[in-house]
Amino acid sequence: LVADLAGLAAVGPGSGLAAAELFGMVRRACDRVHLANAALWATAARLSPLRLLPLADLALLLPQATDLDSALDRLQGLLADAELARDPAWAKAAEALYTLRADLAACMPVDAARDGRVRWLEPRGGHLALRCHPVEVAADLQRTLLREKAVRIWTSATLSSQGTFELIRARLGLPADVASL
């Protein structure tokens, strides 16, 4: 994403001093995001991948994640400029930045001990990816997938436990009076 933004900024301004200043600020903001991102992943590289990250490891990553979010916030603010917002490529980049910041906030909250998520580092294409998912999914499922009444087909080798569906029903947040499961 940052490389794409830097490429867009390198194309150059539309016209005038204000546009040139804006593109210069975008290029500098991209550089700051790149440096903050590199610092975050340099710290992450010292941690063991493919295991749950203890809070102490998350604490090591939090300063760099906060710096990255600050750099992304600055860049996102620049992309809100009316001239850039009219361009579909810049609008798409602004939307991607919003998603990236939301993902970063979910995976690196200030109070990770109480947010109900597990985190781990995962090798991806020669790099590490920070992954996070909720421990309990019932609330998310109720808010999204199960909000509307519809037929759902669930498959798994472990839907039933000890001959009943009570465990999965409770974990998915389904009411006890569901007609079938």
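## A first look around the chain

Let's start with L53, which touches L47, L58, L61, R119, W120, L121 and L130, leaving aside residues up to four places away in sequence. Touching here is a contact, meaning heavy atoms within 4.5 Å. L53 also belongs to the largest nonpolar core, a group of 31 residues, and is listed with V26, L61, L68, L75, L84 and M108 as touching the most other members. The elements giving two or more residues to this core are helix 2 (16-45), helix 3 (55-79), helix 5 and strand 2. There's a second, separate core as well, with five residues, including L141, L146, L172 and L174. A nonpolar core is a set of buried Ala, Val, Leu, Ile, Met, Phe, Trp, Tyr and Cys residues joined through side-chain atoms within 4.5 Å. As for burial, buried means under 20% relative accessible area, exposed means over 50%, and partly exposed is in between (1.4 Å probe, protein chains only).

A word on what you're looking at: this is a predicted model, where local features need pLDDT of at least 70, side-chain atom pairs count only at pLDDT 80 or more, and totals for chains, interfaces and linings use all residues. Residues are numbered from 1 along each chain as its sequence is written, and side-chain values use heavy atoms, with hydrogens and water left out.

### The overall layout

The protein chain has seven helices and two strands. Read from the N terminus, the order is α-α-α-α-α-β-β-α-α. Helices (H or I, at least four residues) and strands (E, at least two) are DSSP runs, numbered from the N terminus. Of the chain's 181 residues, 30% count as buried. Take the contacts between residues at least 6 apart in sequence: 56% of them join residues at least 24 apart. The accessible surface is about 11,600 Å², and carbon and sulfur atoms account for 58% of that. Those areas come from the Shrake-Rupley method with a 1.4 Å probe; for residues, only the protein chains shown count as cover.

### One disulfide

How many disulfides are there? The count is one, with a disulfide being a pair of cysteine sulfur atoms within 2.5 Å. C107 is joined to C132, with an S to S distance of 2.2 Å. This pair links distant parts of the chain, since C107 is in helix 5 (residues 88-107) and C132 in strand 2 (residues 127-134), 25 residues apart. The torsion about their S-S bond is about -85°, so the disulfide is left-handed. Both C107 and C132 are buried. Another cysteine, C30, is buried too, at a relative accessible area of 2%.

### Charged pairs

Side chains of opposite charge can pair when their charged atoms come close. The structure holds nine salt bridges, each a side-chain nitrogen of Lys or Arg within 4 Å of a carboxyl oxygen of Asp or Glu. Here are some of them, with the N to O distance and the relative accessible area of each partner.

| Acidic partner | Basic partner | N to O distance |
|---|---|---|
| D111 (37%) | R114 (71%) | 3.2 Å |
| E122 (18%) | R124 (43%) | 3.0 Å |
| E166 (44%) | R169 (10%) | 3.5 Å |

In the first row, D111 is partly exposed, while R114 is exposed. E122 is buried, whereas R124 is partly exposed. E166 is partly exposed and R169 is buried. Because E166 and R169 are three residues apart in helix 7 (residues 166-172), about one helical turn separates them. Elsewhere, salt bridges that share partners join D69, D73 and R101 into one network.
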